[in-house]
Amino acid sequence: MSAKVAPKSFINDLDRVAQARSQVSNSLSVIAQTLEQAELEGEKQSGKLELHRDIEDITKASQALRNGVFRLLVLGDMKRGKSTFLNALIGENLLPSDVNPCTAILTILRYGLEKKVTIHFNNGNNPEHIDFKTFKQRYTIDPSEAKELEQQKKLAFPEVSHAVVEYPLPLLEKGVEIIDSPGLNDTEARNELSLGYVNNCHAILFVMRASQPCTLGERRYLENYIKSRGLTVFFLINAWDQVKESLIDPDDTEELAEAEEKLRRVFRANLAEYCQIDGYDVYDERVFELSSIQALRRRLKNPDAALDGTGFAEFMGAISTFLTKERAVSEIRQARTLARQAYHHVHEAIERRVPLLEQDVEELKRRINSVEPEFAKLTDISSQFQTEIRTVKQSKAREVADSFRAYVLNLEHTFESDFLRYQPELKFMDFLDRGKREAFETALKQAFEKYIHDKLAAWSITAEQQMNAAFVQLSQSAAQYGASYTKVTDKITEKLTGQKVQIGSASTEDNSPSWAKWAMGLISLASGNVAGVALAGVGMDWKNIMLNLVAVIGIGGAIATFSGIILGPVSLALLALGIGALQADSARQQLVKATKKELVKYLPQVAQEQWQPIYNAVQECFEAYEQEVTVRINDDIKARKSELENLRVQKASREIDRVAELARLRTLETNVSDEVKSVESAYQHLLTA
Ligand SMILES: Nc1nc2c(ncn2[C@@H]2O[C@H](COP(=O)(O)OP(=O)(O)OP(=O)(O)O)[C@@H](O)[C@H]2O)c(=O)[nH]1
Ligand SMILES: [Mg+2]
């Protein structure tokens, strides 16, 4: 890849990140193995320290880092130049891009030693290798064909799940994966294909065109699917070269500057709200003016061509900062949290074990009995938190389901003003003509569906916000319960060892028990990642749980019911009114009225039918959370009890070689500590580089 397209520093930065990931992944893996080995040996000595939770979490995190990629999703309306942009990045006319054929399937671009295309199916068929020529011919569709499919509400290749294009590109080799998607359009089924992938990606590259600044459709996607979701979006304003072409005198620099300024104002007005992070304006780091075609042409002639003036260098700089600074840092920081925590657990367990080794069995029993009240307190904290989660669950489930009911019933009052913007470009006399009635009805049905989708999407955003608020509240509670819990466990250690526990200088984040860190969203072991940076814990498990439940289950049923509405009576009603004789304006009004009449019939039904599924979906979100939290707390309590019990059993059954055991435990602690230091240094290195 040309040094100009992906500047050397970007590749170097990615390389550094890849090394850091691999170093940290190795260290975590060594920690996990060390702990596992120590537990096996411990069984023969003074007993296990009960570190299985750490072993499990750390192993998962190590694997996630090893397989980790940064996934970028290229999204945008049809014919914005998405595929051309990717070709320019590659430096080869690889992906189908043209005036005519459209990208028809989701295409994942990832590293491979050789150029290769593989088609993956969702009907159980084996993946199929094909050559690039066949790929271009077979999996693109003509706009006319696309239109026809659209009308029939069909996907072009329903049996295909996606294509994988492998390519030997340094950018990809360093762990970046880029996904080309079919253009968004009027068919919701196709949009789901592209938009359904949003949550699996770390950032979205939303491609627009300078010659069509912020169309209604684009504003709609942004509003419905991107807004308020805390996603990281880069806006690529492509075909910036066309600004010049559109001038009467393309050589008039003053006129060009003026036209460009005007255009910039339009984009800024529309995109500014998507470029805010915690109240900061990051517009300049998120919006880029590009000419993909110029970049591609130059690179086809000379792979190392300078790309000045195409906007590529500026964009690559920004994406580099995002991936190698923000993303990578938060990823490694999380690994560091886990490593520190494992060390902390080992250290604490050893601090308890060492003084107890000296005691005889009777004294040991006495001390274990003496901490029973503290263990009761831990169980108490666990059930208090559980009760709180359940209370929040009940009230939120009701609140969200009620809000849906109220929202749907209220559509009756807003329909007339809302639907105006959706009305198809109707030729109002067409429906009088029998032959054209069908086309009229199809257009009306499409407009209506779009309206329904938008309305439900708008509701789901408010529902997500309600849920978000609830989880933020729960994570604050988790922090408080966590703090009380640590006080009690410190007390246990004091009573057992007869020594006061040093309150470390570590931050509260490090001090809180691991279940609380999970409940606060500080650690996520989810494989999928939310493309968010706005949230404190990127890739929070509950965020994933929530997105899936609310977005998918919550409104799917409602969409199905609304889609069942037969709008046939609308044109009949209009006919009966003899609307042919009316002015276009009042014909529109009559149309809206007649459509509303059909809609209103269904509103109580949808409100009624969907209440329970939504209520259940919300409950499930909290139940998933409650279950994970409860299992983690109760596991921790159990592990703490077993840690003591193991020692008692060993002591009762045999003589323990105290000196050897002491040495073994200290070595364990040092070994873990060494690996944690290696993780720390990888993290520091990443921060300072
Ligand atoms: N002038 C100009 N034309 C461009 C630019 N980028 C792409 N095009 C042209 O725009 C048309 C569409 O490009 P594609 O890359 O196929 O667009 P797409 O967004 O992938 O299209 P779909 O996959 O159908 O959604 C092609 O004719 C390109 O040559 C650009 O920067 N400037
Ligand atoms: Mg395309």
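Begin by selecting Ala239, which has a relative accessibility of 6% and therefore counts as buried, a word used here for residues under 20% relative accessible area, while exposed means over 50% and partly exposed the range in between, with a 1.4 Å probe and protein chains only. Ala239 sits in the loop between strand E10 (233-238) and helix H9 (241-245), where helices (H or I, at least four residues) and strands (E, at least two) are DSSP runs numbered from the N terminus. Its backbone deserves a look as well, since phi of Ala239 is near 60°, a positive value in a residue other than glycine.

Before moving on, keep in mind that this is a predicted model, in which local features need pLDDT of at least 70 and side-chain atom pairs count only at pLDDT 80 or more, whereas totals for chains, interfaces and linings use all residues. Residues are numbered from 1 along each chain as its sequence is written, chains are lettered from A and ligands numbered from 1 in the order in which they are written, and side-chain values use heavy atoms, with hydrogens and water left out.

Next, select Lys79, which is not a glycine and yet has a positive phi of about 60°. This residue is found in the loop between strand E1 (70-76) and H3, and with a relative accessible area of 33% Lys79 is partly exposed.

From there, go on to helix H3 itself, residues 82-90, where nine of the nine residues are buried, so the helix is largely enclosed by the rest of the structure. Among the buried residues to click on are Lys82, Phe85, Asn87 and Ile90. After H3 comes Gly91, which has a positive phi near 90°.

Now show the side chains of Asp77 and Arg80, which meet in a salt bridge with N to O at 3.8 Å; a salt bridge here is a side-chain nitrogen of Lys or Arg within 4 Å of a carboxyl oxygen of Asp or Glu. Both Asp77 and Arg80 are buried. By this rule, the count of salt bridges comes to 40.

For another such pair, select helix H22 (residues 658-688), where Arg666 and Glu669 lie three residues apart, about one turn of the helix. Their side chains meet in a salt bridge of 3.0 Å, N to O. Arg666, at 34% relative accessibility, counts as partly exposed, whereas Glu669, with a relative accessible area of 10%, is buried. Elsewhere, salt bridges that share partners join Glu260, Glu261, Arg264 and Glu289 into one network.

Within that network, zoom in on Arg264 and Glu261, whose closest N and O atoms are 2.8 Å apart in a salt bridge. Both residues belong to helix H10 (residues 253-271) and are three residues apart, about one turn of the helix. Arg264 is partly exposed at 28% relative accessibility, and Glu261 is partly exposed with a relative accessible area of 37%.

Finally, select helix H1 (residues 8-44) together with helix H13 (residues 312-357), whose axes come within 10 Å and cross at roughly 15°; axes are lines fitted to C-alpha atoms, for helices over the stretch in contact, and angles run from 0 to 180 degrees between N-to-C directions. That angle makes H1 roughly parallel to H13, because angles under 35 degrees count as roughly parallel, over 145 as roughly antiparallel, 65 to 115 as roughly perpendicular and the rest as oblique.
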